[in-house]
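Open the model in a viewer and keep the selection tool at hand. The tour goes from the whole chain to a single residue.

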Amino acid sequence: MSQTIALSKCLIHTAREAVARCPQCRQFFCRECITEHGGRVLCAPCLAKQARTANETGKLAWIRLPVAASAAFLLLWMVLFQAARFISTSGAD
Ligand SMILES: [Zn+2]
Ligand SMILES: [Zn+2]
């Protein structure tokens with residue numbers, strides 16, 4: 001708890017002094033390992049993790065959209081089909 005940045009070493013480069021602390025994993029990192037991303041300072045592993053999560057979310061959205069569209073289309077088609085059949089059967093009599 002009393003650990004300070006000045007006394008800390010980089011988690012990856014143990015010989016280097018840490019310059020910043022990652023707010024996500026709370027580990028200390030040197031200048032090379034820490035990067036600013038979207039106004040936030042993140043370490044390389046956390047940045048990679050975040051990029052991967054964003055990628056997966058984007059991929060899921062890509063899958064979801066056509067599925068939702070075809071489900072809506074199928075529902076609409078079924079309603080129209082039933083309506084058409086109802087009209088044709090009632091019209092024949
Ligand atoms: Zn981190
Ligand atoms: Zn480092």
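Start with the cartoon view of this predicted model. Colour by secondary structure: the protein has four strands and one helix. Following the sequence from its start, their order is β-β-β-β-α. The radius of gyration is 28 Å, whereas the globule rule gives 12 Å for 93 residues, so the protein is more spread out than a compact globule.

Next, select the C-alpha trace and align the view to its principal axes. Along these axes the trace spans about 90 × 25 × 20 Å.

Now colour by burial. Of the 93 residues, 12% count as buried. For a contact map, take the contacts with a separation of 6 or more: pairs 24 or more positions apart make up 2% of them.

Then select A20 and zoom in. In which strand does A20 sit? A20 belongs to strand β1, which covers residues 20-21.

Is A20 buried or partly exposed? A count of 20 or more C-beta neighbours within 10 Å would make a residue buried. A20 has 19 inside 10 Å and therefore counts as partly exposed.

Keep A20 selected and show its contacts, hiding the neighbours within four places in sequence. Which residues remain in contact with A20? They are F29, I34 and V41.

Last, add L7 to the selection and draw a distance between C-alpha atoms. L7 and A20 are 13 residues apart along the chain, and their C-alpha atoms are separated by 11 Å.

Terms used. Residues numbered from 1 in each chain as written. Chains lettered and ligands numbered in written order. Predicted model: local features only at pLDDT ≥ 70, side-chain atom pairs only at ≥ 80, totals over all residues. Helix = DSSP H or I, 4+ residues; strand = E, 2+ residues; numbered from the N terminus. Contact = placed C-beta atoms within 7 Å. Rg over C-alpha atoms; globule rule 2.2 N^0.38 Å.
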